[in-house]
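Work through the exercises below with the sequence and the model in view. Try each task before reading its solution.

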Amino acid sequence: MGFAASSFIGAAEGSYNPGTDVLFSTLYGELHRMAKRELARRGAFASMGVTTLLHEAYLDMSGRGGACFPDEARFMGYAARVMRGLIIDHARNRMAFKRGGEFQITAINGDEIENPVDAKELLSISDSLDELEKVEPELAKLVDLKFFCGFSFVEIAALLKLSVRTVQRRWEKARIYLHRTIRADATI
Amino acid sequence: MQTLSPEQWQALSPYLDEALGMTDEERTQWLSSLRAQNQELAEQLEILFREHHALSQKGFLET
């Protein structure tokens, strides 16, 4: 994974905090890859294009004036969280549209409709991830990168400056939490 | 299956950190030793490890 680390050198020393615009430009290639991979993995939601996702992520992040990211790990983690939010919002809207448009089903091309079970599961995972973020934000960030953005353990380890083994262990811990939370909700 | 409160999770979290890096055999011995000190804690962890085994078997979140 090739980050342009030079943009962050000053930031790490506290002398320069690159704004979202600069980081977005610097890491555009990586962000594009992240968006493309995520949409490919969630193929059911392919009606949202890579450019649209990136554009909306940019608007969301640049709209939060004054945000500072001292290193690429925090910026990419934040970007991953924003992209998840956008994809989940998109999934919610489509599910709401389907419910609201129940009697207009013939007007919809069946090939364009995502599998409702997948969408529901995805929303459930995202809700549980929000809960995890409150108790162990580092685990939630890892899940954003691994599950929602498709980063490998090796890539995440390099990004977060951790050993691969530590990343794997944290991933297993996060899975335990999410599984328990999702299953608990399902039995209510 | 009940959800874990933030307090329950915080209490279990360091033990999970420790045990998830162990082999099955090491973990069994570790749990046995822990059970002698705190049976309730050991039982809660044992349940979570069983769930972990099951979720791994079915490939939870592995897409």
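**Exercise 1.** Place Glu43(B) in its helix and decide whether Glu43(B) is buried, exposed or partly exposed.

Solution. Glu43(B) lies in helix 3 of chain B. Helices are DSSP runs of H or I, at least four residues, numbered from the N terminus. Next, count neighbours. Glu43(B) has 13 C-beta neighbours inside 10 Å, so it counts as partly exposed. The cut-offs: 20 or more other C-beta atoms within 10 Å is buried, 12 or fewer is exposed, and in between is partly exposed, with C-beta atoms placed from the backbone.

This is a predicted model: local features need pLDDT of at least 70, side-chain atom pairs count only at pLDDT 80 or more, and totals for chains, interfaces and linings use all residues. Residues are numbered from 1 along each chain as its sequence is written, while chains are lettered from A and ligands numbered from 1 in the order in which they are written.

**Exercise 2.** Find how helix 1 and helix 3 of chain B cross, and which residues make the contact.

Solution. Start with the axes, lines fitted to C-alpha atoms over the stretch in contact, with angles from 0 to 180 degrees between N-to-C directions. The axes of helix 1 (residues 6-19) of chain B and helix 3 (residues 39-57) of chain B come within 11 Å and cross at roughly 55 degrees. Now list the contact, where C-beta atoms placed from the backbone lie within 7 Å. Helix 1 of chain B contributes Leu12(B), Tyr15(B) and Ala19(B). Helix 3 of chain B contributes Gln44(B), Leu45(B) and Leu48(B).

**Exercise 3.** State how many residues each chain gives to the contact between chains A and B.

Solution. Chain A gives 18 residues and chain B gives 19 residues. Helix 9 of chain A gives the most to its side, with twelve residues.

How values were computed: Contact = placed C-beta atoms within 7 Å. Helix = DSSP H or I, 4+ residues; strand = E, 2+ residues; numbered from the N terminus.
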